Amino acid sequence: MKESILNIATEMFLEYGFKSVTMDDIAEKMGISKKTIYANYATKTKLVHDVAFNIIRIIQINIAEIKKKNINAIEELFEVKKQVNIFLKDEKSSPQFQLQKYYTEIFESLEAIKYETIESSIKENVTKGIEEGLFREDIDKNFICKIYHSGLNAVRDASIFSKDNYKKSDLFQLFIDYHIRAIATKKGLKILKDQFNKNETTTT
């Protein structure tokens, strides 16, 4: 039952945000009493904590699956972007916005795990891209990892990029483009162009 509650709550929190969804909403969705939920999760905060870490775990698993695919480093970055977009929405109902605003301690406790996940993923991606001849051999991997992580934080900062001027999903697309162009070889730039053309074709 606890796992079922966690799975349903994860779906609902991702769709509507951590603050918007109540324990009553989850009970109604599952067709159980709120008492049953509280028997497994004494408070909503405990449930939010487990859901937040469950989301990170899901993203980590999905990224690991992407890395198993027979795709190049640039295609891999675009696939990973789709996973990150799960958590980046513009609305105040977004899980990212509500977790940071209403559950600050949980949000901050995730930051170290997120940093380790990002650093490991990008370092592996850069190494792969160099081996494939898509990224330059003379780049400093550690520097790129730190710049990438800092850039992600900047993209999420509304005081830098106002939602009136940018959509979060568009910002991340621009950021990926910026990141790849900074480290790509001519071969990599050609693949980047092909990737953008491919994305435009699938969205029209």
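## Overview

Of the 204 residues in this protein, 40% are buried. The model is a predicted one. Its secondary structure consists of 10 helices and zero strands. Read from the N terminus, the order of elements is α-α-α-α-α-α-α-α-α-α.

Along the principal axes, the C-alpha atoms fill a box of roughly 60 × 35 × 35 Å. Among contacts with a separation of 6 or more, 68% join residues 24 or more positions apart.

## Two nonpolar cores

In soluble globular proteins, nonpolar side chains tend to be buried together. Here the largest nonpolar core holds 28 residues. Which of them have the most contacts inside this core? They are Phe13, Phe18, Ile26, Leu47, Val48, Val51 and Leu99. Four helices each supply at least two residues of this core: α1 (2–16), α2 (23–30), α4 (44–68) and α7 (104–131). The helix that gives the most is α4, with nine residues. Apart from this core lies another, of 25 residues. Its members include Ala73, Ile139, Leu152 and Leu171.

Ile26 belongs to the largest core. Leaving out residues up to four places away in sequence, Ile26 touches Ala9, Met12, Phe13, Val21, Ile37 and Leu47.

## Helix α1 against α2

How do the axes of α1 and α2 cross? They come within 10 Å, and the crossing angle is roughly 115°. That angle makes α1 roughly perpendicular to α2. The crossing is right-handed.

From α1, the contact uses Ser4, Ile5, Ile8, Ala9, Met12 and Phe13. From α2 come Asp25, Ile26, Lys29 and Met30. By type, the residues of this contact are seven nonpolar, one polar and two charged. An α-helix has 3.6 residues a turn, so residues three or four places apart point the same way.

## Helix α1 against α4

Helix α1 also packs on α4. Their axes come within 9 Å and cross at roughly 75°. This makes α1 roughly perpendicular to α4.

On the α1 side stand Lys2, Ile5, Leu6, Asn7, Ala9, Thr10, Phe13 and Leu14. They meet Lys44, Leu47, Val48, Asp50, Val51, Asn54, Ile55 and Ile58 in α4. The residues of this contact divide into 10 nonpolar, three polar and three charged. Phe13 serves in this contact, and Phe13 also takes part in the contact of α1 with α2. Phe13 is among the residues with the most contacts inside the largest core.

## Helix α6 and its neighbours

Helix α6 covers residues 95–102. Which of its residues are buried? They are Pro95, Gln96, Gln98 and Leu99. These buried residues pack against α1, α4, α7 and α8 (141–156).

The axes of α6 and α7 lie 5 Å apart, at an angle of about 120°. Gln96, Leu99, Gln100, Lys101 and Tyr102 represent α6 in this contact. Across from them in α7 are Thr104, Ile106, Phe107, Leu110 and Lys114. The split by type is five nonpolar, three polar and two charged. Leu99 of α6 is also among the residues with the most contacts inside the largest core.

## Gly188: buried or exposed?

Gly188 sits in helix α10, which spans residues 186–203. Its relative accessibility is 0%, so Gly188 counts as buried. Not counting residues up to four places away in sequence, Gly188 touches Ile74 and Leu134.

How far is Gly188 from Ala73 in space? The two are 115 residues apart along the chain, with 9.2 Å between their C-alpha atoms. Ala73 is one of the residues of the 25-residue core.

## Lys67 on helix α4

Lys67 lies in α4, the helix that gives the most to the largest core. Lys67 itself has a relative accessible area of 21%, so it is partly exposed.

What does Lys67 touch, apart from residues up to four places away in sequence? The partners are Glu76, Ser121, Glu124 and Asn125. Lys67 and Ser121 are 54 residues apart in sequence. Their C-alpha atoms are 9.0 Å apart in space.

Definitions and conventions:
Residues numbered from 1 in each chain as written. Predicted model: local features only at pLDDT ≥ 70, side-chain atom pairs only at ≥ 80, totals over all residues. Heavy atoms only, no water. Core = buried A, V, L, I, M, F, W, Y, C linked by side-chain atoms within 4.5 Å. Buried < 20%, exposed > 50% of the residue type's maximum accessible area, 1.4 Å probe, protein only. Contact = heavy atoms within 4.5 Å. Axes fitted to C-alpha atoms, helices over the stretch in contact; angles between N-to-C directions. Parallel < 35°, antiparallel > 145°, perpendicular 65-115°, else oblique. Left-handed = near helix turned anticlockwise from the far one by under 90°. Nonpolar A, V, L, I, M, F, W, Y, C, P; charged D, E, K, R; others polar.
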